[in-house]
Amino acid sequence: MTRYLLWFAHELVDFRYPEILSITSMFNISIKFIEKPSSQKPYWIVELPDEESARKIASRSISLKSCIELWARAKTGLQLHENLKQSLKNFQGKWLVPVKWKELDISDSHICPFILLEGMEEKSFKIEVETFCKHFSMSEKIEKIEAFNYLPLQGPVKLKNPDVTLSYIEFYGTDPNNPPDLPYDLFFGRWVAEGQRDLIQQYSLKKRKFIGNTSMDAQLSFLMVNQAQVTPGHLVLDPFVGSGSVLVAAAHFGGHVWGSDIDYMMLHARTRPTRVGHKTRSKDESIRSNMTQYGVQSQYLDVVVSDFSLPLWRDHMQFDAIITDPPYGVREPTEKIGIDRENYTLSEEHLINHIPSKVDYGLPHMYGDLMTFAAKHLHKSHRFVCWYPVIRDEYDESMLPSHPCLKLVANSEQILTKLTARRLLTYEKISEGIPNVPVDLDNVISNFRNKYFAAGEMTRRQKKEKQSDEINSNTETNIKPQNVT
Ligand SMILES: C[S@@+](CC[C@H](N)C(=O)[O-])C[C@H]1O[C@@H](n2cnc3c(N)ncnc32)[C@H](O)[C@@H]1O
């Protein structure tokens, strides 16, 4: 086992652990925590079987910024250099020039005369300095780099694509307004791989051809797909597909993607334009054109207009992953096809042009259908991932939908407002047989919309009115756009 420093983006912290665990279990990688992961720190120290494992984790993680083979760690600068000098012999030959360490005065921090041995490749290198929560000027950073001049590095310095990148990191806590004078933790190691943070920009909704009002942002879509353990060749379904954000993320990781949605106008990109200032949608907006934009059109199977409450798929149809964000009733109604009137029949003449009416699709009923569907249509050991809205004060794990064939394996909170949140639930199918027991929905949140507004949240109109009142009275506003669907 080799020791690595996993450095994360310090956001969506609740999603970090489930994401990495989903990835390690997907690749069958054993991971050993050297210290308990803390939500107060943007890093973990772990042991992994080999570098290949570290690279695999980085090839999928959206939370991970970088992965570093840890050569030394300390609580003070002096100690870090001592620890590093002690540990260098483990890395000579491969990354560093071999030296007779017994002859080296390790208290001497000046350059030692290292000689490149015959047959040993010269390796270009650079040293990077990162300071978390405290800013240093370039000259201060160079001073920090020069303190490592005892390292037996023989190759030339190369700032772009060197053979070896060495990283020195100082951690000053997580409060940028009140950093300590000296760092809490210091690390030195060899950079091994970057995580997938670039995908957030590459797949940004800002640059996407077709988006809707409730399009899932790129970072969360990739987190969902990682939770679902999508790998190349998987058959993936989003039954509340909307503008298809989850599908593009699943397609990026090699999934063959299907979607369905009750809204014909949405699936045909004929809803009112979402972008501010746009009066019409362009003709070529569609989920398919998004797939083409990202070069993953070969992964796209199709989308179908369909009400999820009515069966669409053959009984024996099996998916490798079901990933979805159903409506919660705040910005979109929770509806299904139906009629409240009893014994309603339609005359022959009206059948052809009939547009069915809709009735309320309560959250317990909708989540019940989702659980039953996943239990029936997922391959065993595969995953169902969905969002679930909660009033934070009322939340209790017993509220979550459950099914005897599905095991809840992860549950992360994304705070939406002071009072509300949504939770990303990940279930694994553990049993093939579907026992004839009803899904346990006794505590499932029944009317999120009413509770949301009763808890004091404002409607969009109220917010707009408040905003314009505040602008009129020249006070500052700080209202964030909301993701509540
Ligand atoms: C939160 S949105 C999904 C947004 C989507 N993840 C995206 O990125 O655009 C929920 C979707 O569920 C659809 N929906 C609502 N009721 C439905 C039903 N009964 N059957 C199928 N889809 C439904 C809505 O039309 C809406 O597009």
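# Notebook: a first look through the chain

I began at Glu51, which counts as buried because its relative accessibility is 18%, and the cut-off for buried is under 20%. I am working from a predicted model. Glu51 sits in helix H2, residues 51–60. I then asked which side chain pairs with Glu51 in a polar contact. It is Arg190, at 2.6 Å. Leaving out neighbours within four places in sequence, I listed what Glu51 contacts: Tyr4, Glu69, Arg190 and Val192.

**Entry: the whole chain**

I stepped back for the overall figures. The protein chain has 485 residues, and 49% of them are buried. I found 13 helices and 16 strands. I also looked at contacts with a separation of 6 or more. Of these, 73% join residues 24 or more positions apart. The chain exposes about 25,100 Å², and carbon and sulfur atoms supply 50% of that.

**Entry: the cores**

Next I looked for nonpolar cores. In soluble globular proteins, nonpolar side chains tend to be buried together. Here the largest core has 71 residues. Met291, Ile323, Phe384 and Tyr388 have the most contacts inside it. Which strand gives the most to this core? I noted S14, residues 378–391, with 8 residues. Apart from this core lies another, of 21 residues. Among its members are Val129, Phe148, Tyr150 and Leu166.

I picked Ile323 from the largest core and listed its contacts. Not counting residues up to four places away in sequence, Ile323 touches Met224, Val225, Ala228, Val230, Val236, Leu237, Asp238, Pro239, Val246 and Val385.

From the 21-residue core I picked Phe148. Phe148 lies in the loop between helix H4 (138–146) and strand S6 (164–171). Is Phe148 buried or exposed? It is buried, with a relative accessible area of 2%. Neighbours within four places aside, Phe148 is in contact with Leu80, His81, Leu84, Ile127, Tyr168 and Phe188. I checked the spacing to Ile127 as well. The two are 21 residues apart in sequence, and their C-alpha atoms are 8.9 Å apart in space.

**Entry: Thr324**

I moved to Thr324, in strand S11. Its relative accessible area is 0%, so Thr324 is buried. Its side chain joins that of Asp238 in a polar contact of 2.5 Å. With residues up to four places away left out, Thr324 touches Met224, Asp238, Pro239, Phe240, Leu370, Phe384, Val385, Cys386 and Trp387. Asp238 is also on the list of residues that Ile323 touches.

**Entry: helix H7**

Why do I call helix H7 largely enclosed by the rest of the structure? Helix H7 runs over residues 245–252, and 7 of its 8 residues are buried. I wrote down the buried ones: Ser245, Val246, Leu247, Val248, Ala249, Ala250 and Ala251. Then I looked for what covers them. The cover includes helices H6 (218–227) and H9 (287–293). It also includes strands S8 (235–238), S9 (256–261), S10 (300–305) and S11 (319–324). Just after H7, I noted that Gly254 takes a positive phi of about 95°.

**Entry: the ligand**

I counted the surroundings of the ligand next. There are 22 residues around it, and the closest are Ser243, Ser245, Asp261, Phe308 and Glu335. One of these, Ser245, is also among the buried residues of H7. By class, the shell has 8 nonpolar, 8 polar and 6 charged residues.

I looked up three atom pairs. A polar side-chain atom of Ser243 lies 2.7 Å from an oxygen atom of the ligand. A polar side-chain atom of Asp307 is 3.0 Å from a ligand nitrogen atom. From Phe308, a backbone N or O atom lies 2.9 Å from a nitrogen atom of the ligand. How much of the ligand's accessible area does the protein cover? On its own the ligand has 600 Å², and the protein covers 97% of that.

**Entry: Pro333**

Last, I wanted an exposed residue. I chose Pro333, in the loop between S11 and strand S12 (335–337). Pro333 has a relative accessible area of 52%. The cut-off for exposed is over 50%, so Pro333 is exposed. I also looked up its spacing to Asp360. Pro333 and Asp360 are 27 residues apart in sequence, and 7.9 Å apart in space from C-alpha to C-alpha.

Technical notes. Residues numbered from 1 in each chain as written. Predicted model: local features only at pLDDT ≥ 70, side-chain atom pairs only at ≥ 80, totals over all residues. Heavy atoms only, no water. Core = buried A, V, L, I, M, F, W, Y, C linked by side-chain atoms within 4.5 Å. Buried < 20%, exposed > 50% of the residue type's maximum accessible area, 1.4 Å probe, protein only. Helix = DSSP H or I, 4+ residues; strand = E, 2+ residues; numbered from the N terminus. Contact = heavy atoms within 4.5 Å. Near = heavy atom within 4 Å. Polar contact = N/O pair within 3.5 Å; in protein donor to acceptor, adjacent residues only side chain to side chain. Areas by Shrake-Rupley, 256 points an atom, 1.4 Å probe, with all protein chains shown as cover. Nonpolar A, V, L, I, M, F, W, Y, C, P; charged D, E, K, R; others polar.
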